[in-house]
Amino acid sequence: MTTTTLAPPVRMGKPAVAALGMLAVSTGALESVVSPTLPLLQRELDMSPAEGALLNIVLAVTGALITPVAGKLGDRYGGKRILIRLMAVVSAGGLVSALAPNLPVLLIGQILQGAMVGALPLSFIVVRKHLPAGASKAAIGLVSGMFVGGSMVGLLSAGPVAESLSRHWMFAVPTFAVIGCTLLVNRLMPSDEPGRSDGAGIDWPGLLLLSGILVTLMLVLGVTPEAGSQPLVFGALLVVLAAFVTGWIAVERRASAPMIDLRMLARPVIWKSCVVTFVICLGTAMGIYLVPQLLDVSGDGYGFGAGPTEIGLVLLPGALAATLAGPVGGIGERRFGPRAVVTTAAVMMAVALLALSAVHSEIWHIVVGKTLIALANGLCVTAMVTSIASSVDESDTGIATSLILVTRVLGSAVGGMLGGALLTAGTPSGSDVPAESAFVTGFLIAGVVAALCLLVVRTLHRSAHTPMQQGEAKS
């Protein structure tokens, strides 16, 4: 009787880990160049505020849709193989964004760049296959930290590059870095064997219908300011949105491996967590969109007339707060329970947004408000993901956490587009400067919604229990 011994996986060397880290820096920089330069892009491409809001969120929407597909393809064909192909898509998107002469082409570039959201988790899978447990954790932490560092590099460098060269170069420079680092990773990283397929295919109908829902929802919010002058268009979009939602629900109920398990969504712990996540991300997205706009405008008694470089500096403390929020939220959730952390985050979010609606005449008002918004968002999402992961069966962890991911995207899409719609509606005829009341209304609506969210937060469990612990408590 003979036995075959499988060869141990090829170990990943330090150069390969370094190449992954450099790739994370370059993708992080490419991902973050739009936020500080959005007012500049709106002027150069003659965009309305609503169109600017769409540009600000389309990358995240694409990323949320492609991430679950990338994971399944990585299991089926090998993580490195899919990673390299997705980074090729990201590189193509960066080049399209760099060469874009108008908004439609730039949107196509941002849609392609959204593949980076699905590509980075694949790198973590490959690292775990080729390194021992301790070394893999260190490598994942390094790559994650360097992606955040790259985001800060993008925030700080996008403005100076756009002002000294052009908007085209702020996309081109990090894209060239992505191409070079991808070639390095392809050369230095060992290939991994395809994993075992679980037999479940990709829910392509559900994915396409969900994509239609998100796209139509953004169009509805974008057309809302002109709904009175275009009632037929607005009504037709609402009908299309309702058709997409109805079709998606029907498909997901019948799918053998649905992208979103609607039966799981009916569980109180899941839907409550989704409601809280949606509201917090809505407030965050409105803040992320409205703050750079307020910094850019020069209105009568409001605004600062800041350029892209100054805007990047003002946004930097918020990026640092978001970096710290993840580990702080995880520690707080384990020590005090998810309800305490989420209550703190919701109060922080509501206070920051309501304060900005009332006081926004000094730069430090904006810095403090934006920092609190970013910190609250990170605390809440971390606590919700951790709570859900420990409240469902291990086999349901992926499905449950994917619900939070989709909810984050929906909240961000609605928040960003709502902010853009408010500024579009609040811009007087013949003027390019939104009225101060439009900013006040945006911050006020988001703050009130965040405060009302506390009614749901107070019904959450004080601490997270695993299903086994809950069964033991009942017995």
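Helices, as named here, are DSSP runs of H or I with at least four residues, numbered from the N terminus. In this predicted model, helix α13 is followed by G337, a residue whose phi is positive, near 95°. The protein as a whole comes to 19 helices and 0 strands. The points below treat the overall fold, helix α13, an aromatic pair and the cysteines.

**Overall picture**

- The protein has 475 residues, of which 50% count as buried.
- Among contacts between residues at least 6 apart in sequence, 81% join residues that are at least 24 apart.
- The exposed surface of the protein is about 21200 Å², and carbon and sulfur atoms supply 67% of this area.

**Helix α13**

- Helix α13 covers residues 308-336, which makes 29 residues.
- From its first C-alpha to its last, α13 reaches 40 Å, close to the 42 Å expected at 1.5 Å a residue.
- The helix has a kink of about 35° at A325, shortly before the proline P327.
- As a general point, an α-helix has 3.6 residues a turn, so residues three or four places apart point the same way.

**The aromatic pair**

- The count of aromatic pairs comes to 1.
- This pair is formed by Y302 and F439, with 6.4 Å from centre to centre and 55° between the planes.
- The pair is classed as tilted, because that class holds planes that are neither under 30 degrees apart nor over 60.
- Y302 lies in the loop between α12 (268-296) and α13, whereas F439 belongs to helix α17 (residues 436-452).
- The two residues are 137 residues apart, and the pair thus links distant parts of the chain.
- Y302 counts as buried because its relative accessibility is 11%, and the cut-off for buried is under 20%.
- F439 is also buried, with a relative accessible area of 0%.

**Cysteines**

- A search of the whole structure finds 0 disulfides.
- C281 is in no disulfide, and the nearest cysteine sulfur, that of C380, is 7.0 Å away.
- C281 is buried, with a relative accessible area of 2%.
- C453 is likewise in no disulfide; for C453 too the nearest cysteine sulfur is that of C380, at 6.8 Å.
- C453 is buried, with a relative accessible area of 3%.
- A disulfide requires two cysteine sulfur atoms within 2.5 Å, and this is why the 7.0 Å from C281 to the sulfur of C380 does not qualify.

How values were computed:
Residues are numbered from 1 along each chain as its sequence is written. This is a predicted model: local features need pLDDT of at least 70, side-chain atom pairs count only at pLDDT 80 or more; totals for chains, interfaces and linings use all residues. Side-chain values use heavy atoms; hydrogens and water are left out. The expected span of a helix is 1.5 Å times one less than its number of residues. The bend at a residue is the angle between axes fitted to the seven residues ending there and the seven starting there. Rings of Phe, Tyr and Trp (its six-membered ring) pair if their centres lie within 6.5 Å; planes under 30 degrees apart count as stacked, over 60 as edge-to-face and the rest as tilted. Buried means under 20% relative accessible area, exposed over 50%, partly exposed in between (1.4 Å probe, protein chains only). Contact means heavy atoms within 4.5 Å. Accessible areas come from the Shrake-Rupley method with a 1.4 Å probe; for residues, only the protein chains shown count as cover.
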